[in-house]
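Trainee: Before we accept any label in this model, I would like each one set against its definition. Could you take me through them in that way?

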Amino acid sequence: MAAAGASSYSIVEYFGGEDGYRCGYCKNETGNFSRGMWSHTMTVQDYQDLIDRGWRRSGKYVYKPIMNKTCCPQYTIRCHALRFQPSKTHKKILKKMNKFLSKGEMPAGQCDGEPMDLHCGDGAPRDGPKAHSFEVERPVFTETSVQEAAPKAAKSETPLQEPAPSPSVRGPTATPKPGVGADPNRPQCRKAKELRKERRLQKEQLKKQEGGAPSGPTPTTALSPQAKTLEEFVVESLPDNAIHNLEVRLVPVNFEDPEFMASFDESAALFARYQMAIHGDTPSECSESEFRRFLCDSPLEAETAPDGPDCGYGSFHQQYWLDGHIVAVGVIDILPNCVSSVYLYYHPDFARLSLGSYSALREIAFTRQLQKQSTKLCFYYLGFYIHSCPKMRYKGQYQPSDLLCPETYTWVPLEHCLPKLENSPYARLNQDPNAGEVNVLKNLGQVLVLHRRSVMPYAIYARKRKGSGDEQEVQQYAGLVGQSCAERMLLYRA
């Protein structure tokens, strides 16, 4: 894990991509268009900035859909984790899990809710173009190197801690009272709301009298006194005679980590079982090497920061252990501003527990816990929202959420986007017609390149390599990653 103040650069090879390939949503054989690059290594801040411009990774291949050309436009979606409140369906899924753990009752019939066997898989290209087979050596910084390109994120070593509370904590379970309807002994919701408002005004008046400033509302002020929080549903106590025990472990994706390696074989076998049963893969398509490449090879460097979460930043596997065996694994990236869900695979025998939805709720709760350690880490990214594919609209049920405008790279509340997406699969979501692109490319010459182990601005590289003929390609790359990333990341030039 990188120490505080260590200088590191993202190193990428840009491939562009003009040809269409098969769409995993509408099954169009040549309708899916995206541009991509192979990332040999990447800082978490660079990847945070890239996903905020519509990029996403599949292993070390980082790609961006060509939104106005692809058959099923894919909009980056994020959930405001601190303001999230579970819906009736979400509560049902959490209660279903708790019922299974406490009584061993597996729900009958098909799993309800959203089709989370697709949970954040996004139909991503599993095979990106082949990168140059060279070992990335430590760059040599010449006098022509751009000083301001050095990353500014501070890092410090901290021990890895278990992030998410396990629902296996035992305690008395509250037995629901018989009968239907509201409890007549409790005040009505409207009256409770008025009482809360009155108490808040009284507190503010008291603070004014004491010379203090009134405090702003917190995410919990909207909850009624009787309402359970997401965390309370997740860690709902189990009776002493519970049949099953569930434990959630956060394991860094690191082949030198003993916990990751101790569970590697079991995790890889679960991945193969899931891919063959749910997605119909052949054994060769979900081999151990495919598992490594797709879900273990991450370009993200593990980093820590004084104001970051205790577990640090980077790629992790969140393993769900049921009675001593792994039944599900959520692959996530912990970034400066968010937890980004990458993929989920689970044991097909437990599909009726809606493990996709359950894991998403657990990851939202985990994001809220990390935010207590790092205040700016407050969003949960679910990957792509595809409105033109009805079975992929379930991601909009995690409210409140925003979609990324593909033209301005600003966030727009989902409810403001839906009318436009009903009219057209592709739409400019920002309603301000005068708004321009955030972090637009302004100076191609300042794009950093890596050539023969030397780091230099593109302007100097172009003078050295007269007639190289790659200006159009570099222009396209820099326009897609934005000026800031283009000045920080190193674009490999053969």
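Mentor: Let us begin with strand pairing: strand E7 (residues 246–252) and E8 pair in the antiparallel sense over 7 bridges. The model is predicted, so that local features need pLDDT of at least 70 and side-chain atom pairs count only at pLDDT 80 or more, while totals for chains, interfaces and linings use all residues. Residues are numbered from 1 along each chain as its sequence is written, and side-chain values use heavy atoms, with hydrogens and water left out.

Trainee: What makes E7 and E8 a pair of strands?

Mentor: Strands are DSSP runs of at least two residues, helices (H or I) are runs of at least four, and both are numbered from the N terminus; two strands pair if DSSP finds at least two bridges between them. E7 and E8 have 7 bridges, so the pairing criterion is met. Within this pairing, Leu250 stands opposite Gln318 in E8.

Trainee: How many bridges join E8 to strand E9 (residues 325–334)?

Mentor: E8 and E9 pair in the antiparallel sense over 9 bridges, with Ser315 opposite Asp333 in E9. The two strands form a hairpin with 2 residues between them, and Asp323 in the turn has a positive phi of about 50 degrees.

Trainee: Why is Tyr381 called buried, and why is Trp411 called partly exposed?

Mentor: Buried means under 20% relative accessible area, exposed means over 50%, and partly exposed lies in between, for a 1.4 Å probe and protein chains only. Tyr381 has 3%, so it is buried, whereas Trp411 has 21% and therefore counts as partly exposed. Strand E8 (residues 314–322) is mostly covered, as 9 of its 9 residues are buried.

Trainee: Why is the pair of Tyr274 and Tyr343 called edge-to-face?

Mentor: Rings of Phe, Tyr and Trp (its six-membered ring) pair if their centres lie within 6.5 Å, and planes under 30 degrees apart count as stacked, over 60 as edge-to-face and the rest as tilted. The centres of Tyr274 and Tyr343 are 6.3 Å apart and their planes stand at 85 degrees, so the pair is edge-to-face. Tyr274 is in helix H6 (residues 264–278) and Tyr343 in strand E10 (residues 338–346), 69 residues apart.

Trainee: What makes Arg249 a charge over the ring of Trp321?

Mentor: The rule asks that NZ of Lys or CZ of Arg be within 6 Å of the ring centre and within 35 degrees of the ring normal. Arg249 lies over the face of Trp321 at 4.0 Å from the ring centre, so the distance condition is met.
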